[in-house]
Amino acid sequence: MEERVDEVLRDGRAPGVHGLVVLRGGRTVLERYGKGEDFLWSHSLGVVEFDRDTLHDLRSVSKSITALVYGIALGKGLVPDPETPLAAAFPEYADISGDKGNIVIEHALTMTLGLEWDESVPYTSAANSEIAMEMAPDRYRYILERPAVEQPGTRWSYCGGASALIGHLIAKGAGTTLDAFTRDTLLAPLGIDAAWNRGADGVPSPASGLRMAPRHLAALGQLVLEGGRGLVPAEWITRMLTPRVTLEDGTGYGYQWYLGDTWRAAFGNGGQRLCLVPDQDLVVAITAGEYNASDQPSAQAVMDAVMGW
């Protein structure tokens with residue numbers, strides 16, 4: 001593995017990779033860091049020399065970690081069960097009209113809300129639904145007011161708004177901020193340092209806001225691989241990683257996690273990756289800087305080298 005990865009890096013086939021950590025059996029077997037321009041969301045940080053402690057945007061990997069935290073809150077009785085109607089979980093928006101009474105929280109966790117939402121345009125455009133949400137005076141009202149375009153649970157549609165709803169339920173139930181609850185119940189017990197990018201309203205973004213070093217991202221992957229180790233209820237790990245929707249490429253989707261036949265993964269813009277391979281007791285964490293590219297070839301090249309594909 002080490003020779004394959006080093007060959008890919010040496011030959012320039014993964015120029016966008018900023019960090020790589022591979023665990024097998026819970027032990028670090030490979031760790032590499034690079035150099036390149038990085039961003040905090042859309043703000044350039046210039047060229048960064050990455051090391052094991054450099055925080056990095058996780059982008060949409062944040063969604064998968066938010067789902068993990070929802071399980072902690074559920075185990076503490078702070079948030080509703082996923083089968084709870086969404087309207088009952090957001091009574092403060094009871095004035096919103098429309099045929100949405102059959103939407104439940106699970107539809108947010110699985111991104112099958114059935115609401116009008118489009119993140120296919122660049123994230124620099126207000127035509128992107130996530131950007132429009134960030135610009136709205138009330139992000140939750142913006143999400144819940146989207147027109148219903150199909151029956152909930154019918155089709156997976158990528159939706160940062162769904163993650164925002166989940167994060168809000170955690171914060172509301174815990175009576176604190178999402179970042180504080182995540183820190184106290186998950187990150188601090190594992191010795192993990194992290195930061196959150198925040199929207200204009202000061203709310204940490206559950207969809208794309210987490211910043212973390214790849215070795216700490218790998219530690220979270222190991223926690224999931226080991227069934228939560230008492231920090232996250234084992235029952236929730238099982239529910240979270242149970243396929244609920246089949247995507248167009250034939251892979252599955254659970255609660256904010258992508259599910260293959262042999263792997264479980266969290267993906268983020270730019271080549272952020274957290275991949276678990278249970279049969280091999282393997283965790284792979286990658287951070288990269290190919291933001292807003294149509295694909296992220298650097299992360300894939302490294303992942304292929306790790307797996308020997």
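Two strands count as paired if DSSP finds at least two bridges between them. In this predicted model, strand 5 and strand 7 (residues 210-212) pair in the antiparallel sense over 2 bridges. His56 has Met212 in strand 7 as its bridge partner. These strands belong to an open sheet of 3 strands, with the order 5-7-6 and antiparallel pairing. Its edges are strand 5 (56-57) and strand 6 (194-196), each of which pairs on one side only.

Strand pairing also turns up early in the chain. Strand 1 runs antiparallel to strand 2 (residues 27-33), and 6 bridges hold the pairing on record. Arg24 sits opposite Arg27 of strand 2. The two strands make a hairpin with 2 residues between them, and Gly25 in that turn has a positive phi of about 65°.

Next comes the nonpolar interior. The largest nonpolar core has 89 residues, and Ile65, Leu186 and Met240 have the most contacts inside it. Helix 2 gives the most to this core, with 8 residues. What does Ile65 touch, not counting residues up to four places away in sequence? Its partners are Leu58, Leu186, Leu210, Met212, Leu217 and Leu220. Two of these names have come up already: Leu186 is listed with Ile65 among the residues with the most contacts in the core, and Met212 is the bridge partner of His56.

His56 shows up again around Thr287, a residue of strand 13. Is Thr287 buried or exposed? Buried means under 20% relative accessible area, so Thr287, at 1% relative accessibility, counts as buried. Leaving aside neighbours within four places in sequence, Thr287 is in contact with Gly16, Val17, His18, Gly19, His56, Pro214, Gly271 and Gln272.

Helix 11 is another element worth a look. Of its 11 residues, 8 are buried, so helix 11 is largely enclosed by the rest of the structure. The buried ones are Ser298, Ala299, Ala301, Val302, Met303, Ala305, Val306 and Met307. And what do they pack against? The answer is helix 1 (2-10), strand 1 (17-24), strand 12 and strand 13 (282-288). Strand 1 is thus a neighbour of helix 11 as well as a partner of strand 2 in the hairpin. After helix 11 comes Gly308, with a positive phi near 75°.

Then there is the empty space. Rolling a probe the size of a water molecule over the atoms shows where such space is left. The largest pocket holds about 1500 Å³. It is lined by 47 residues, and Ser60, Tyr123, Tyr158, Gly268 and Asn269 lie closest to its centre. Two or more lining residues come from each of strand 3 (35-40), helix 5 (129-135), strand 8 (245-246), strand 11, strand 12 (272-277) and helix 11 (297-307). Sorted by class, the lining of this pocket has 20 nonpolar, 16 polar and 11 charged residues.

The second largest pocket comes in at about 230 Å³. Of the 14 residues that line it, Ala87, Tyr93, Ile96, Lys100 and Leu144 are the closest to its centre. Here the split is 10 nonpolar, 3 polar and 1 charged.

As for closed spaces, how many cavities of 30 Å³ or more does a search of the whole structure find? It finds 2. The largest encloses about 40 Å³, and its lining is made of Met111, Thr112, Leu113, Gly114, Leu115, Trp117, Ser157 and Cys159. That lining has 5 nonpolar and 3 polar residues, with no charged ones.

The second largest cavity also has a volume of about 40 Å³. Around it are Ser60, Lys63, Ser64, Met111, Tyr158, Tyr253, Gln256, Tyr258, Ala266 and Phe267. Helix 2 (61-75) and strand 11 (264-268) each supply at least two residues of this lining, which divides into 6 nonpolar, 3 polar and 1 charged. Met111 lines this cavity and the largest one too. Ser60 and Tyr158, in turn, line the second largest cavity and are listed among the residues closest to the centre of the largest pocket.

Technical notes
Residues are numbered from 1 along each chain as its sequence is written. This is a predicted model: local features need pLDDT of at least 70, side-chain atom pairs count only at pLDDT 80 or more; totals for chains, interfaces and linings use all residues. Side-chain values use heavy atoms; hydrogens and water are left out. On a 1 Å grid over the protein atoms alone, a cavity is a set of points where a 1.4 Å probe fits but cannot get out, and a pocket is an open set with protein on both sides within 12 Å along at least five of seven lines; lining residues have an atom within 4 Å of a point. Grid points are joined across faces, edges and corners, and a volume is the space filled by probe spheres set on the points. Ala, Val, Leu, Ile, Met, Phe, Trp, Tyr, Cys and Pro count as nonpolar, Asp, Glu, Lys and Arg as charged, and the others, Gly among them, as polar. Helices (H or I, at least four residues) and strands (E, at least two) are DSSP runs, numbered from the N terminus. A nonpolar core is a set of buried Ala, Val, Leu, Ile, Met, Phe, Trp, Tyr and Cys residues joined through side-chain atoms within 4.5 Å. Buried means under 20% relative accessible area, exposed over 50%, partly exposed in between (1.4 Å probe, protein chains only). Contact means heavy atoms within 4.5 Å.
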